[in-house]
Amino acid sequence: YKFIFAAAFLLIVGISLYLYLPIRASQNPAFNWGNPQSWESFKGHVLRQQYNDLHLTWQSFFNAKKWPLVNSFFGEIIDQFTLVGLLIIFLGFIANYFRSKKIFWLLLGIFLSNGPLIILLRTADYNEMNDFFFRVYYLPALLIAAIWLAWGLKFLLATAFKAGQKMNHLVNIGLKLLLIVFLLILPTAFIFNNYQDNNLSDFELLADWSRGFLLSLEKNAMVSLYDDEPALDNIIFSLTYQQTVRGLRPDVKLVNFSGIRGNYYLPLGISKEEIMGLKEKEIRLLVAERVWQYTQNNGRQPLYVLFSLSGTITKKLTTRSNGFAYRVYENLAAAKKAPTAPLPPMNIRNLEDPNLRYNLFYSDLLSDYYFAQTSYYLENGEKDLSGENLLKAIDYDTSPFSFNYQAFIEHRALWNGEKLKNNKK
């Protein structure tokens, strides 16, 4: 009973860190994810109800479409520790079992819970985006693998030292030196293999893009931050950082619908029942129209969205790009009559970084940026530049021919006075 009560006490102490959330949320912070002040919002935030991805059934748990994620989990261990490191981890795994079974089962439980088990518990199937996102969940498992790595190195050292005692003095010293060199090679190899990917000291793309985005907007503008993942995370966090920390363009209202209450929160009155059964494309358009209605009823401030709108996909609204975002107008005539927005200075660094193609967060952001450039040049009669940027947008898009691509094609047809074939809208 003493053990049970002690364990329960330590559990309560551990989860008591969550109490910081409602305390801090009640102090009107600049960035408030989930606004966990009430019991319901607090519970929803801690239990990740925003993501709605833990509806466990036997069918979802044993879904064969998840197994590629399990394979990727073990592949991630090889990527992090190399094949040599994996062999040493296996030695440590075996040594741990024979030296201390209690610790072994504890470590194995943590390892499996933060790897295969968390994959099987979630409802998501394998796709490239989930494969990329899930890696953050593996960090505790990688920590356990590092402990087994240390245990394996200890086993190798103990075995070598014991064997060295039976050899002559020079061979013994040589064996020890060889082991020391080996121990130094492993972390050194990690540094050389991974330093370039982890050194972001000169990476300014996101800072430059977010600064250019805010500076491109009209005074007292409102921005509807609703777009596809994974670009949306970079968009929300970088723009909020520029406003909150850098104090850039405080006049701009960033309207957010992802549960993160930043400098402006706008209740649109969209119920779950209203969007149930709608496609993502239709939800985006519904949100854009509701925000537009709000701006028209409250000062008619300029409204910007993150994708093209056109009369072929929404009944009335049209957009015009400024190279970063899309200004919303009530119809095509108003959009064409509006003066051309001056293209902001193109001083975005790291645009040509080849590693960005393999990072979903940045490749999708670049795709959105090039789509905005594509629309800008189209609307200003520079078809060659529009075509060049369209190819870049498709090249970087994490899901080629996605909603943003379709929205641009329809916008281009509307802008050029063309008719789309097989368009049922």
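A residue is called buried here when its relative accessible area is under 20%, exposed when that area is over 50%, and partly exposed in between. With that in hand, the buried residues of helix 6 can be named as Phe104, Leu107, Leu108 and Phe111. These residues cover an arc of only 100° around the axis, which puts them on the same side of helix 6. The face turned away from this buried side carries Lys102, Trp105 and Leu106, which are exposed. On the inner side, the buried residues of helix 6 pack against helix 5 (67-99), helix 7 (116-121) and helix 9 (139-164). Helix 6 itself runs over residues 101-113, and its 13 residues reach 18 Å from the first C-alpha to the last, close to the 18 Å expected at 1.5 Å a residue.

It is worth stepping back to the whole before going further. The structure is a predicted model, and its protein chain contains 18 helices and 7 strands. The C-alpha atoms fill a box of roughly 90 × 55 × 45 Å, taken along the principal axes, and of the 425 residues of the chain, 42% count as buried. Among the contacts in the protein chain with a separation of 6 or more, 67% are made by residues 24 or more positions apart. The chain averages a pLDDT of 85, and 92% of the residues score at least 70. Confidence is highest in helix 6, at 95, whereas the lowest value belongs to strand 4 (residues 260-261), with a mean of 62. Where pLDDT is low, the predicted coordinates should not be read in detail.

The surroundings of helix 6 can also be followed through aromatic rings. A search of the whole structure finds 22 aromatic pairs. One of them joins Phe73 and Phe74, whose rings are edge-to-face, with 4.9 Å centre to centre and 70° between the planes. Which of these two residues is buried, and which is partly exposed? Phe73 counts as buried because its relative accessibility is 1%, under the 20% limit, while Phe74, with a relative accessible area of 39%, is partly exposed. Both residues belong to one aromatic cluster, which is formed by Phe73, Phe74, Phe93, Tyr97, Phe98, Phe104, Trp105, Phe111, Tyr138 and Trp148. The ring of Tyr97 also has a charge over it, since the charged end of Lys101 sits 4.6 Å from the ring centre.

Another aromatic pair brings the reader to a different stretch of the sequence. Phe324 and Tyr369 form a tilted pair, at 5.6 Å centre to centre and with 55° between the planes. Phe324 lies in the loop between strand 6 (318-321) and strand 7 (326-329), and Tyr369 lies in helix 16 (residues 360-379), so the pair ties together parts that are 45 residues apart in sequence. Both Phe324 and Tyr369 are buried.

Helix 16 and strand 6 appear again in the description of helix 18 (residues 403-415), for the cover over the buried residues of helix 18 includes helix 14 (280-297), strand 6, helix 15 (332-337), helix 16 and helix 17 (383-396). Of the 13 residues of helix 18, 11 are buried, so this helix is largely enclosed by the rest of the structure. Among the buried ones are Phe403, Tyr405, Phe408, Ile409, His411 and Trp415. Ile409 is buried because its relative accessible area of 16% is under the 20% limit, and its C-alpha atom is separated by 9.2 Å from that of Ser308, 101 residues apart along the chain. As for Trp415, Lys336 lies over the face of this residue, at 5.3 Å from the ring centre. Helix 18 reaches 18 Å from its first C-alpha to its last, close to the 18 Å expected at 1.5 Å a residue, and is followed by Gly417, whose phi is positive, near 70°.

Positive phi values also occur in residues other than glycine. Thr82, which is found in helix 5, has a positive phi of about 70° although it is not a glycine, and with a relative accessible area of 25% Thr82 is partly exposed. For Asn220, phi is near 60°; this residue is found in the loop between helix 11 (205-215) and strand 2 (222-225). Asn220 is partly exposed, with a relative accessible area of 41%.

Methods. Residues are numbered from 1 along each chain as its sequence is written. This is a predicted model: local features need pLDDT of at least 70, side-chain atom pairs count only at pLDDT 80 or more; totals for chains, interfaces and linings use all residues. Side-chain values use heavy atoms; hydrogens and water are left out. Rings of Phe, Tyr and Trp (its six-membered ring) pair if their centres lie within 6.5 Å; planes under 30 degrees apart count as stacked, over 60 as edge-to-face and the rest as tilted. Buried means under 20% relative accessible area, exposed over 50%, partly exposed in between (1.4 Å probe, protein chains only). Helices (H or I, at least four residues) and strands (E, at least two) are DSSP runs, numbered from the N terminus. A charge sits over a ring if NZ of Lys or CZ of Arg is within 6 Å of the ring centre and within 35 degrees of the ring normal. The expected span of a helix is 1.5 Å times one less than its number of residues. The arc is that of the directions from the helix axis to the C-beta atoms. Contact means heavy atoms within 4.5 Å. pLDDT is the predictor's confidence in each residue, from 0 to 100.
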